[in-house]
Amino acid sequence: MFGHDGEAVHVSAPAVPGGDQRSDDAAAAPGDEKRAGIPIDESGEHLGIVRSRAVGASRDLPQVQDGAELLLSRRSDVELSRRGQLLVPRLRSQRVAKGNFTMLELDGHEVRLSNPDKVYFPKPGWTKLDIARYYVDVTEAALVHVRERPTVMKRFVNGIMEDPIWQKRVPQKVPGWLQTGTVAFPSGRTAEELVANDAAHLVWAVNLGVIDFNPWPARRGDLDHPDELRVDLDPTPGIKWDAVRRTAMVVRDVLTEHGLRGYPKTSGSKGIHVNVRVEPSWDFLEVRRAALALAREVERRVPKLATAEWWKEKRHGVFVDYNQNARDRTVASCYSVRPTPDARVSCALDWDEVPDVEPEDLRLDTVRDRLATVGDPAADIDEHAGSLEGLLDLARRDEEEGLGDAPWPPHFPKQKGEPKRVQPSRDRDRPTHRGRAGDPQPGGPPPGTRTGGLQRGFGSKPRTGQGYEDEFED
DNA sequence: GGCGCTT
DNA sequence: AAGCGCCAACGCCCG
DNA sequence: CGGGCG
């Protein structure tokens, strides 16, 4: 096993002079990232460790190497707190020797990994170094989905048991070689986000506590025109995994019939994602509109299986979350490790694997071997950019039949044509609403307000698990 | 996790 | 040198 | 103000 024993990691080597805040390295040109062929071994040397320090820190701590066992056995560090509906053990803090670090040589840059032995996944004992090692080993496959894309950093600074810190803007002080891209939010505000173009960038982010990468669906060169439509399938509570797989197969059919090729992957949590590479010729509004049309079509075909309803109280089955295609929404990228207790990976699949795939088999400790043996089913996604016209035609037909826009997520300004953004059960003007005696009778919706007709196919989504979710409770 | 200011 | 405070998303709609 | 939703 690639270990958290620490020994292999703390390879002594001549110190390398200089800090890591230099800016002399020219930024690699987009697309020509190079990485030394790195054999997988147990020594840690394949990571290009050039320098490290490992000392026992606090008086009450043994050596850093024992950190994992210490963490797992210290019940006094556990508190119960309410998270969702369940009482979940929460770690108050990690007890890791302070000041330890490892310097990695990647892509011609020195990347510092602080606290490499800090346990991020308590159950299997995987550490920050294990995560870095994973990403170095799968760099080629992972980069396909993050390269040139501004990326949100969801930082699990204290491992998966604690809530993450969301960080869009890169820190003020970063290495000179770090690549970034400036995105504009719907409000007009902007943020300079990470653009992870090589292994050094991936590991730099891992050092800050990043476990999964959440890139924009558009590339730095044209951030107003997404080149990826994302189909996010998420089962509502109680829905079997097989329903998700079967829904994915329906998604495949709808995409194919509209001239598009989908690339399925496990979400690493409870769902499946299907990424669709499209020509960057449509804006966010249009991509979301296409995604909404697709979601509604899937629901029409298998109404007992799938739903495109935004409001949870109206969802049944597998939710097709069209809203993940709104500007500023992101989804964990392919080959990202997910913050689940068993360190699942969002792993690309061939369509013929989908009917039988079991997400628990695809983990931080198994996906590198899978890539080496069966290869990467998503490797050619960039060679198959399609047109959105087919789905937009479908959207047009829906609209002609009276289906308007569907609700947008919180934080977004009210959109033109958007229906009332309120939970149906709380809508005063709900058609079937029975007011109490004395209440005014609102009648129907405000006249002239609706361009469309029926409220059918409004979509929504129950969240795709970020973090530690109840279904993973031990 | 990192920085900058204070002991 | 160690300790401490502080910071690290999006920010609207509806009742 | 609380609740919607990822």
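In this predicted model, 64% of the atoms of DNA strand C that lie within 4 Å of the protein belong to sugar or phosphate, and the rest belong to bases. On the protein side, 21 residues surround DNA strand C, and Lys168, Arg169, Ser187, Arg189 and Lys414 come nearest among them. Sorted by residue class, this surface holds 11 charged, seven nonpolar and three polar residues. Strand S9, which spans residues 165-167, supplies the largest share of the surface, with three residues.

A handful of polar contacts can be picked out on the strand. Trp166 places a backbone N or O atom 3.1 Å from a sugar or linking oxygen of DNA strand C. Phosphate oxygens of DNA strand C are the partners for Lys420 and Arg421: a polar side-chain atom of Lys420 is 3.3 Å from one such oxygen, while for Arg421 a backbone N or O atom lies 3.3 Å from a phosphate oxygen.

Turning to the protein fold, strands S4 (residues 101-106) and S5 run antiparallel and are joined by six bridges. Within this pairing, Leu106 stands opposite His109 of S5. The two strands form a hairpin with two residues between them, and in the turn Asp107 has a positive phi of about 55 degrees. How much of strand S5 is buried? Five of the six residues of S5 (residues 109-114) are buried, so this strand is largely enclosed by the rest of the structure.

Key:
Residues are numbered from 1 along each chain as its sequence is written. Chains are lettered from A and ligands numbered from 1 in the order in which they are written. This is a predicted model: local features need pLDDT of at least 70, side-chain atom pairs count only at pLDDT 80 or more; totals for chains, interfaces and linings use all residues. Side-chain values use heavy atoms; hydrogens and water are left out. A residue is near a molecule or strand if one of its heavy atoms lies within 4 Å of it. A polar contact is a pair of N or O atoms within 3.5 Å; within protein, one must be able to donate a hydrogen and the other to accept it, and residues adjacent in sequence count only if both atoms are side-chain atoms. Helices (H or I, at least four residues) and strands (E, at least two) are DSSP runs, numbered from the N terminus. Ala, Val, Leu, Ile, Met, Phe, Trp, Tyr, Cys and Pro count as nonpolar, Asp, Glu, Lys and Arg as charged, and the others, Gly among them, as polar. Buried means under 20% relative accessible area, exposed over 50%, partly exposed in between (1.4 Å probe, protein chains only). Two strands pair if DSSP finds at least two bridges between them.
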